[in-house]
Amino acid sequence: LLVQAKVHYHKWDISYKFKSPDCYKKLAVTINGQTPGPTINAQQGDTIVVRVKNSLLTENVAIHWHGIRQIGTPWFDGTEGVTQCPIVAGDTFVYRFVVDRAGTYLYHAHYGMQRSAGLYGLIRVAVPDGVVEPFAYDYDRSIILNDWWHNSAYEQATGLASIPFVWVGEPQSLLINGRGKFNCSLAGPTAVCNATNPECSPYVLTVVPGKTYRLRIASITSLSALNFEIEGHNMTVVEADGHYVKPFVIKNLNIYSGETYSVLFTADRDPSRNYWLAVNVISRKPETPTGTAVLNYYPNHPRKSPPTSPPVGPLWNDTAYRFNQSYAIRSHPDHVHPPPLTSDRMIILLNTQNRVDGYTRWSLNNVSFNMPHTPYLIALKENLRHVFDQRPAPETYDYRNYDIYSVPKNHNATTGTSIYRLDFNSTVDVILQNANMIDPNKSETHPWHLHGHDFWVLGYGPGKFDPEVQPKEYNLVDPIMKNTVSLHSYGWTAIRFRADNPGAWAFHCHIESHFFMGMGIVFEEGVDRVGELPTSIMGCGDSKSLRRP
Ligand SMILES: O=C1O[C@H]([C@@H](O)CO)C(O)=C1O
């Protein structure tokens with residue numbers, strides 16, 4: 001039987017609109033007038049075509065399809081500066097790619113700090129007809145989590161790139177499916193804040209007593225690590241970043257920016273009342289109120305407030321709690337993709353906060369990433385060698401002598417444009433090593449996202465990674481595959497992947513401001529195998545002359 005893969009056509013108009021997702025009116029980047037944008041629904045093997053019209057008037061845009069590997073279409077990854085030139089104001093750009101694996105994914109802006117302005121949404125890919133998932137449920141629902149600021153992404157970016165440095169600070173609100181609640185009495189005299197605006201009425205998830213729900217939960221926060229809890233209901237985790245998980249039961253879920261999970265829960269509590277869905281900030285000292293939505297037991301009134309106060313989540317600084325949930329995630333026994341038992345290369349990346357010429361930056365092995373504005377993919381394929389530093393980026397750091405628990409002895413670093421060139425089809429290990437920041441007694445959590453691949457998560461641990469010791473404890477039996485993984489405070493995380501997808505791929509901290517401040521690198525593999533680049537990705541920097549109509 002030949003099953004015809006479908007092609008889904010979407011027409012998106014990107015524009016600024018006044019929005020009040022948390023009751024406070026501000027400018028947001030919207031898709032067809034909405035933030036979050038429309039959900040893309042498809043089936044494994046389908047093709048997605050998105051015709052993006054940039055109607056921002058004075059601002060460029062690019063859209064990344066987060067978790068979609070872009071096999072054979074590295075030019076449609078949507079990463080400005082790496083895989084394409086920005087889509088300039090007034091232009092239309094067509095993305096076309098295959099969603100080759102069922103699961104829950106995201107899309108979002110990948111240009112400057114634009115994502116923080118509201119351009120984001122979900123991609124839900126169903127299994128092929130006749131394929132049965134390793135768990136059962138009655139209904140399938142989505143939850144997209146975000147953090148929200150009242151100043152603009154421009155103001156934030158300018159502060160981060162200024163001397164003196166102006167940090168973005170904690171978000172004003174946490175949003176569940178694009179809705180939050182700011183306390184309007186705290187809004188300044190010139191602000192427009194209306195607590196009864198229907199745009200900021202809480203999201204309501206209505207459930208039928210006795211039924212089991214699959215919740216696809218995604219976090220697209222700009223800064224915050226979150227903890228998600230359904231008051232009074234345990235959850236069973238079954239999927240992470242598009243891979244089936246050995247089911248495990250939790251009271252609440254730690255979710256880092258760029259991660260997606262599916263959890264199951266059954267509406268089996270006292271049906272005479274409603275309950276809270278709650279998100280709380282973890283791993284940074286919370287200054288943002290709990291984000292809430294309503295779990296509405298049918299037939300109670302959806303606006304009937306739960307009689308309790310919302311869950312407050314775990315202690316924000318309980319690092320052991322977060323490590324333990326990370327350790328608990330294993331591949332589903334019937335869906336293990338065993339990793340190669342050895343690797344060809346080990347890259348160790350020390351993550352530090354630094355100063356470069358007085359600016360506050362983040363670095364890997366003392367190099368802070370500076371994106372050239374001729375995209376790497378074009379520079380590599382067309383052999384434009386002057387576009388970026390051709391010397392290899394640093395492979396490791398002085399791990400024998402570096403004290404990860406102290407403020408750096410010398411916090412000065414340099415900026416760089418060099419990349420990591422990988423042998424095609426080789427197996428690569430990357431060790432992320434966390435450390436103390438410039439201020440004493442401070443090491444934050446960083447969610448790292450790899451484009452173009454899934455990786456095996458071989459291990460996490462507190463303290464310093466020693467290449468002679470920790471690899472002996474890797475999980476080579478049933479490690480989960482992911483595209484985003486957390487690096488915990490003062491800890492290390494080890495991942496392994498096959499460099500089998502020709503292209504140029506970003507690997508970076510998913511905290512919007514941290515990537516902006518240089519916390520990322522680029523991998524290249526098999527670029528000689530990349531087919532002819534579409535000229536639609538060209539036109540900026542040194543690719544100007546390459547763009548043909
Ligand atoms: O990059 C950052 O800067 C601040 C702080 O270190 C200085 O204000 C913070 O928490 C970051 O993650």
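**Exercise 1. Work out whether Asp 478 is buried or exposed, then describe its salt bridge.**

*Step 1.* Asp 478 has a relative accessibility of 14% in this predicted model. The cut-off for buried is under 20%, so Asp 478 counts as buried.

*Step 2.* Now find the partner. Asp 478 pairs with Arg 330 in a salt bridge, and their closest N and O atoms are 3.3 Å apart.

*Step 3.* Where do the two sit? Asp 478 is in the loop between β27 and β28 (481–482), while Arg 330 is in the loop between α2 and β20 (345–356). They are 148 residues apart, so this pair links distant parts of the chain.

*Step 4.* Check Arg 330 too: at 32% relative accessibility, Arg 330 counts as partly exposed.

**Exercise 2. Find what the salt bridge between Glu 239 and Arg 214 ties together.**

*Step 1.* Start with the general idea: side chains of opposite charge can pair when their charged atoms come close.

*Step 2.* Check the distance. From N to O, Glu 239 and Arg 214 are 2.9 Å apart.

*Step 3.* Place each residue. Glu 239 belongs to strand β14 (residues 235–240) and Arg 214 to strand β12 (residues 212–219), so their bridge ties together parts that are 25 residues apart in sequence.

*Step 4.* Look at burial. Glu 239 is buried at 1% relative accessibility, and Arg 214 is buried at 0%.

**Exercise 3. Which residues are linked in a network of salt bridges with Arg 69?**

*Step 1.* Begin with one pair: Arg 69 bridges to Asp 454, with 4.0 Å between the closest N and O atoms.

*Step 2.* Locate both ends. Arg 69 lies in the loop between β5 (63–66) and β6 (92–98), and Asp 454 in the loop between β26 (446–450) and β27 (455–462), so the pair ties together parts that are 385 residues apart in sequence.

*Step 3.* Both count as buried: Arg 69 at 19% relative accessibility and Asp 454 at 7%.

*Step 4.* Add the rest of the network: Asp 100 and Arg 101 are linked with Arg 69 and Asp 454. For context, the whole structure holds 20 salt bridges.

**Exercise 4. Describe how the rings of Trp 75 and Phe 76 are arranged.**

*Step 1.* The structure has 29 aromatic pairs. In the one formed by Trp 75 and Phe 76, the centres are 6.5 Å apart and the planes make an angle of 85°.

*Step 2.* An angle over 60 degrees counts as edge-to-face, so that's the label for this pair.

*Step 3.* Trp 75 is buried at 12% relative accessibility, and Phe 76 is buried at 9%.

*Step 4.* Zoom out: ring pairs link both residues into a cluster whose members include Trp 12, Trp 65 and Tyr 107.

Note on methods:
Residues are numbered from 1 along each chain as its sequence is written. This is a predicted model: local features need pLDDT of at least 70, side-chain atom pairs count only at pLDDT 80 or more; totals for chains, interfaces and linings use all residues. Side-chain values use heavy atoms; hydrogens and water are left out. Rings of Phe, Tyr and Trp (its six-membered ring) pair if their centres lie within 6.5 Å; planes under 30 degrees apart count as stacked, over 60 as edge-to-face and the rest as tilted. Buried means under 20% relative accessible area, exposed over 50%, partly exposed in between (1.4 Å probe, protein chains only). A salt bridge is a side-chain nitrogen of Lys or Arg within 4 Å of a carboxyl oxygen of Asp or Glu. Helices (H or I, at least four residues) and strands (E, at least two) are DSSP runs, numbered from the N terminus.
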